[in-house]
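Hi everyone, thanks for making time. I'd like to walk you through one structure today, so let me put it up on the screen.

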Amino acid sequence: MPYGNYEVYQKLCQIESKHLAKILDCFTENDHCVVIEQYINGKRLDAMMYEQSLSDEDVLHIMTGLCEALTEVHAKGIIHRDIQPRNIVIAEGNVILLDFDIARTKKENMEKDTRLLGTAGYASPEQFGFAQTDERSDIYSLGKVLEEMLANRANGNKTFLNDVANKCTQIDPNLRYQNADELLREIRGKRTKKNSNWGMLAYCEKRYIPIYIIVIIIYLFVTSAIVAAGLDMTNGIAFKIIAMYLNLMSVLLPTLYLLNIGRVADKLIPANFKHKWVKILVRVLVAITIFMLVMLLEAIILPS
């Protein structure tokens, strides 16, 4: 392949991902780039769609895998530029993005690509000379693949994924999802909202569920002990009623936040954390803060 591919494949060598074929070696010879990569034994997405209809879960699974692949690729400054069903393989249930032969590395202060390449029907408008391709160009192509998968579904009903595909394929790159991670969060968020409204436990990885359960048990045990002690020290029926409601709120409000019921935590603090444990820690700290604020309010209102 052309020498210009060498920089791209050098960067791909640095990526360890289940969604990419492993690059075993990459070198130049006679002004050409030579690449030795892992052989993937699977079925191409275009062949899969020809042989069978996709379910909603199939589409979500494939989109999730592609977004995860692009997140890793884009982090290295690589733009694929040729995302289409024939370059997507499903191997043992795993989604793999292939063929980086016309990929390029993102350059600063360029108005358009040096070479105008891409596959008609999937290539973004930028690939026809309107601007330099970037992460959003791959988002456009991914949206076109999503449209094709949605048209192939056994269930032809419109879902939130139709809106996702529409946003991906906007002519103006500024109106699309700005990166693959943003698209992935949108898919996971809408999927969770559709399937369940019980927040964090509904979409966290199974391995993290025991951590949440342990944290919640400890939290409820501690707060219940404090509530019981507060009721014992309060005199007068009216003050006991007020104390009961405040103590109830001191347990209920932090618990709602900690469990993200109704996605209240996502709405109050819509932060994105790279690691799950950071999200858990932040949720616990905010829940404790809410508890302490209610306890402070109780101390101000009720007589000592």
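Let's start at C33, which is buried, with a relative accessible area of 3%. Please keep in mind that this is a predicted model. How far from C33 is the nearest cysteine sulfur? That sulfur belongs to C26 and is 4.1 Å away, and C33 is in no disulfide. A disulfide needs two cysteine sulfur atoms within 2.5 Å, so this pair does not count.

In fact, searching the whole structure turns up zero disulfides. C13 is in no disulfide either, and for C13 the nearest cysteine sulfur is again that of C26, at 5.1 Å. C13 is partly exposed, at 32% relative accessibility.

Now, on to backbone angles. D31 has a positive phi, near 60°, and D31 is not a glycine. You'll find D31 in the loop between β1 (23-29) and β2 (32-37). Is D31 buried or exposed? With 65% relative accessibility, D31 counts as exposed.

R81 also has a positive phi without being a glycine, near 70°. R81 sits in the loop from β4 (78-79) to β5 (88-91). Here the relative accessible area is 3%, and R81 is buried.

Last stop, helix α3. It covers residues 56-75, 20 residues in total, and spans 29 Å from first C-alpha to last, close to the 28 Å expected at 1.5 Å a residue. Its buried residues include V59, L60, I62, M63 and C67, and also H74. After α3 comes G77, with a positive phi near 80°.

That's my tour, and I'm happy to take questions!

Terms used
Residues numbered from 1 in each chain as written. Predicted model: local features only at pLDDT ≥ 70, side-chain atom pairs only at ≥ 80, totals over all residues. Heavy atoms only, no water. Buried < 20%, exposed > 50% of the residue type's maximum accessible area, 1.4 Å probe, protein only. Helix = DSSP H or I, 4+ residues; strand = E, 2+ residues; numbered from the N terminus. Expected span 1.5 Å × (residues − 1).
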